[in-house]
Amino acid sequence: MTHANRSVLALLNRRTTEGFYTAILLACLAFAGMLLAPSDHMEPLLALAWLFMLSAIAFLVGKLGLELVLEPGP
């Protein structure tokens, strides 16, 4: 793998890490908002929180895939 490809993959790895933490933060905010919101707003906030959790899982899977690609070969 060339140096340019490796640097692009390393940048993607950093971005997936940032995306993962951002999705976790947004999910926590949505869960907190759900607890503080009136009862008629709880269901949409719960759905939003789970959407952010699913996106965090997607970022984590992408990060694990990039780690496999960036792993030094024999």
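## The salt bridge in helix α1

In this predicted model, Arg 15 has a relative accessible area of 48% and is therefore partly exposed, since that class lies between the limits of under 20% for buried and over 50% for exposed. Its partner is Glu 18, with which Arg 15 forms a salt bridge whose closest N and O atoms are 3.1 Å apart. Glu 18 likewise counts as partly exposed, because its relative accessibility is 41%.

Glu 18 and Arg 15 lie three residues apart in helix α1, which means that about one helical turn separates them. An α-helix has 3.6 residues a turn, so residues three or four places apart point the same way.

## The salt bridge in helix α2

The structure holds two salt bridges, and another pairing of this kind joins the side chains of Glu 67 and Lys 63, with an N to O distance of 3.4 Å. Because Glu 67 and Lys 63 are four residues apart in helix α2, they are separated by about one helical turn. Glu 67 is partly exposed, as follows from its relative accessibility of 36%.

## Span and buried residues of helix α2

Helix α2 runs over residues 42-70, and its 29 residues, taken at 1.5 Å a residue, should span 42 Å; the C-alpha atoms at its ends are 42 Å apart, so the expectation and the model agree.

The buried residues of α2 are Ala 49, Ala 56, Leu 66 and Leu 70, and the buried residues of this helix pack against α1, which comprises residues 3-36.

Note on methods: Residues numbered from 1 in each chain as written. Predicted model: local features only at pLDDT ≥ 70, side-chain atom pairs only at ≥ 80, totals over all residues. Heavy atoms only, no water. Helix = DSSP H or I, 4+ residues; strand = E, 2+ residues; numbered from the N terminus. Expected span 1.5 Å × (residues − 1). Buried < 20%, exposed > 50% of the residue type's maximum accessible area, 1.4 Å probe, protein only. Contact = heavy atoms within 4.5 Å. Salt bridge = Lys/Arg side-chain N within 4 Å of Asp/Glu carboxyl O.
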